[in-house]
Amino acid sequence: MDKTPEQINQDLLRPIYHASWRFYASVAVLAALVLAAFYAWGYQMYHGLGVSGLNRPVYWGFYITNFVFWIGISHAGTLISAILRVSNATWRRPVTRCAEAITVFSLSIAAMFPLIHLGRPWLFFWLIPYPSERGIWPQFRSPLLWDFFAINTYLTGSVIFLLLPSFPDFALIRDRSNGWRKKIYSIVSLGWRGEPKQWHRLEMAMRIMAVAIIPVAVSVHTIVSWDFAMAPVPGWHSTIFGPYFVAGAIFSGIAALIIAMALLRKLLHLEEYLKPLHFENLGKLLLVMSLLWFYFVFAERLTTWYGNFPSEMSVFWSTQLGRFSPLFWTMVFCNFIIPAPILAIKSLRSKIGWTVVAAVPIVIGMWLERFLIIVPALSHKYLPYAYGTYRPTWVEITITIGTFAGMGLLYLIFSRVFPIISIWELKLGMQRKAEAAPELASQEAATEQP
Amino acid sequence: MKAIYGLYPDPDSAQRALNVLERAQSELGFRKEDIAVLSGEPYEEYGFGQRDKVTRMPWLAALGGLIGGLSGWWFVSFTQKSYPMISGGMHLVTKWPDGIITYELTMLGAILTTLVTLLITARIPDWRGRKLYDPAISNGRILIGVINPPEMAREELEKRLRTAGAETVKESVS
C-alpha cells in the first residue's frame with residue numbers, strides 16, 4: 001500500500017467527519033429494534049417472568065443462550081488483538097481495533113442478560129459483595145458468582161485494551177478538528193503529545209495487557225461453562241465443557257469478526273486497508289477452529305453414547321433423532337459441513353465473499369449450539385415425569401433480536417467516534433516494512449547469487 | 001515556557017538534528033533534559049526514539065497482581081468466616097472456588113496497576129496544554145527542539161536546526 005501518512009489520515013478519519021443518509025437510516029432502524037427490546041423487557045418486569053417461555057423444568061432458555069453466545073463472540077478481540085500482538089503477526093494491524101470493539105460491546109450485551117433473566121432485576125446488587133444487614137453474603141462457591149468476577153475483570157481489561165492504543169488516534173483527531181469536536185477529543189486524548197517516553201510506556205502497557213488478557217479470556221468462558229458443568233444435570237456434568245466452550249467462543253468470535261470487517265470494508269470504503277489477505281488469514285484460523293469444534297462435539301457425543309447412562313441417553317437421542325434433531329443437524333451443517341470445505345479450498349478462502357459465506361452460518365450455528373446445550377438437558381432430567389418443553393415467547397424473541405440490533409448500533413456509533421483502524425499502528429507497520437525492505441532485498445539477492 | 005524547535009519530515013533528519021543538539025549542549029548552554037522530541041508514531045530503531053526507555057512497568061504489574069491476589073484471598077476467606085454458611089457439603093473456606101475469585105482479582109490487580117503506571121509515568125492526563133506541542137506532528141512530522149534555551153543561543157540553535165534538515169523552525173511561547 002503506497003499511501004502517504006496524510007492520505008491514511010484522510011481515509012481513516014473520513015467516517016468520523018462525514019456520514020451519509022445511509023448511516024442515519026441504519027441507526028434509526030437499529031435503534032427502533034433496540035427500543036422494542038427495551039419495551040419487551042419492561043413488559044416482562046411489569047408482568048413477571050411468566051410472560052417468557054421459562055417454566056419448570058426449563059428455567060434457562062433464550063436469555064442464558066444469549067448470555068453464553070455473546071460471551072463467546074467477545075473472544076474475537078482477545079484472539080485477534082492479544083494473541084496476534086504477542087506473536088507479532090504483522091498482518092493484524094488493520095484488524096485489531098475492529099476486534100477489540102467487538103469484545104467490549106458483546107461483553108456489555110452479555111452482561112445484561114443475567115439482569116434480564118432476573119425476575120426482580122432491581123435486586124441484582126445482591127450479587128455484589130458489600131456489607132449489609134440481610135444476614136447473607138454472596139455465595140463464593142457458586143459458579144454464578146465466579147461469573148460476576150470473571151466478566152467484570154474481562155470487561156475492565158477489554159475496555160482498557162481498547163482505549164490504550166486509541167489515545168494517539170484521539171490526539172490526531174484533536175489536532176485536525178475545531179469546535180466541540182476539538183474540545184471532546186482534547187479531553188479523551190488525555191493531552192497525548194507523542195514523547196518517546198509516552199510511546200514506550202504505551203507500548204509496554206499494551207504488551208502487558210495483551211499477555212494478561214489472554215488467560216482472563218480463557219478463564220471467563222471456562223467459568224461460564226462451569227455454570228453448566230458444575231450442575232449434576234444429564235449432559236452438563238462433563239469435564240470437557242471448559243475447553244469446549246473456549247474453543248467454541250473463539251470459533252464464533254472469529255466468524256463475527258469476519259462479518260464485521262466485511263461490512264466495514266464495504267460501508268466505509270476500506271478496500272485498501274482490509275484486504276483479501278486479512279480475510280484469508282482469518283479464514284485459516286476459522287478452518288482450524290471449525291475442525292477443533294467438530295473434534296470436541298464428536299468427543300463429547302461419543303463419550304456420552306458409549307457411557308450409555310439412561311438419563312444422558314434421553315438427552316442424547318432428543319438431539320440426535322428427537323425433538324431437537326432439526327436444530328442439531330442444522331448446527332452441524334452451519335458449523336462444519338458448509339464452512340469447512342469452503343475454508344479448506346484456497347481459491348475460495350482467498351475471496352472475501354466466500355469467507356463471509358462461511359462465517360455467517362457459523363454465527364447461526366454457534367447460537368444454536370448454545371441453545372442445544374441448555375434446553376434439551378433441562379427438558380430431560382432424571383425423572384421422566386419431570387420432562388418438559390420450552391417455547392420462547394415474543395418477549396424473548398424481541399429481546400434477542402434487540403441485542404443483535406444493539407450490537408450493530410453500538411458498532412455504527414463506534415465507527416463515528418473512533419477510527420475503526422488504528423492509524424498509528426498502521427503507519428508503524430508501514431514504517432517497519434519500509435525499513436526492512438532493503439534488508440529483504442539484499443537477502444534475496446544473496447540467495448539468488450550462484 | 002519558551003522553546004525553539006524544528007519540524008523534520010523523516011526520522012533520519014530528525015536523528016541528525018538530535019545529534020547536533022546533543023553535541024551543542026555545553027557550547028550553547030542547555031541541558032540534555034531540555035531537548036524535546038515529539039512524534040506521531042514511535043521510532044524505536046532510531047536514537048531519538050530510545051529516550052527515557054527504562055521502565056519498571058512489568059514488575060509493578062506483577063506486584064499489582066500479587067496484591068490483588070492476596071486481597072482477593074483475604075476478602076473471600078474473611079467473608080466466608082464472617083458468614084459461616086455451609087453449603088453443598090463443602091468446607092467453609094474452600095480452596096478451589098476461592099482460588100477462582102483470587103485468580104480473577106490477581107489479573108484485575110495486574111491490569112489496573114498497568115493502567116495506573118502508564119498514566120503516572122507517561123504524565124497523562126495533561127489537559128493544561130502548557131507543554132510544547134505542534135499539530136504538524138499528526139501529519140508525520142517529527143519535532144526536535146530545545147525548551148527554555150538561553151537567549152543568546154537562539155540564533156545559533158535556529159541555524160543548526162535548519163542545517164540538520166528542518167522543514168520549518170519555529171519559536172513557541174506558552
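Two strands are said to pair if DSSP finds at least two bridges between them, and with that in mind the reader can turn to chain B of this predicted model, where an open sheet of 4 strands has the order 2-3-1-4 with antiparallel pairing. At the edges of this sheet lie strand 2 and strand 4 (168-173) of chain B, each of which pairs on one side only. If direction is ignored, neighbouring strands of the sheet are turned by 25° against each other on average.

One of the pairings can be followed in detail. Strand 2 of chain B and strand 3 of chain B, the latter made of residues 142-147, pair in the antiparallel sense over 4 bridges, and B:Ala36 has as its bridge partner B:Gly145 in strand 3 of chain B. Helix 1 of chain B, residues 11-23, lies across strand 1 (2-8), strand 2 and strand 3 of chain B, and runs at about 15° to strand 3 of chain B.

It helps next to place these pieces along the whole chain. Chain B holds 5 helices and 4 strands, and read from the N terminus on, its elements follow the pattern β-α-α-β-α-α-β-α-β. The domain assignment of chain B gives a domain 1 built from two stretches, 2-53 + 137-173, and a domain 2 that covers 57-121. The centres of domain 1 and domain 2 of chain B, taken over C-alpha atoms, are separated by 47 Å.

The overall dimensions of chain B can be set beside this division. Its C-alpha trace spans about 80 × 30 × 30 Å along its principal axes, and its radius of gyration is 25 Å, whereas a compact globule of 174 residues would have one near 16 Å.

Chain A can be described in the same terms. It contains 18 helices and 0 strands, and along its principal axes its C-alpha trace spans about 75 × 65 × 45 Å. Chain A has a radius of gyration of 24 Å, which agrees with the value near 22 Å that a compact globule would have with 450 residues.

Where the two chains meet, 52 residues of chain B are in contact with 48 residues of chain A. On the side of chain B that touches chain A, strand 2 (35-38), helix 3 (57-82) and helix 4 (95-121) of chain B each supply at least two residues. Which element of chain B gives the largest share of this side? That share, 14 residues, comes from helix 4 of chain B. Sorted by character, the residues of the side of chain B that touches chain A divide into 27 nonpolar, 16 polar and 9 charged.

Finally, a careful reader asks how confident the predictor is. The model scores ipTM 0.93 and pTM 0.92. Chain B averages a pLDDT of 91, with 99% of the residues scoring at least 70, while the mean pLDDT of chain A is 92, with 97% of its residues reaching 70 or more. Among the elements of chain B, helix 2 (residues 25-28) has the lowest mean pLDDT, 88, and helix 4 of chain B the highest, 95. Among the elements of chain A, the lowest mean pLDDT, 75, belongs to helix 18 (residues 423-448) and the highest, 97, to helix 13 (residues 325-337). Where pLDDT is low, the predicted coordinates should not be read in detail.

Key:
Residues numbered from 1 in each chain as written. Chains lettered and ligands numbered in written order. Predicted model: local features only at pLDDT ≥ 70, side-chain atom pairs only at ≥ 80, totals over all residues. Contact = placed C-beta atoms within 7 Å. Nonpolar A, V, L, I, M, F, W, Y, C, P; charged D, E, K, R; others polar. Axes fitted to C-alpha atoms, helices over the stretch in contact; angles between N-to-C directions. Domains from an automatic or database assignment. pLDDT = per-residue confidence, 0-100. Rg over C-alpha atoms; globule rule 2.2 N^0.38 Å.
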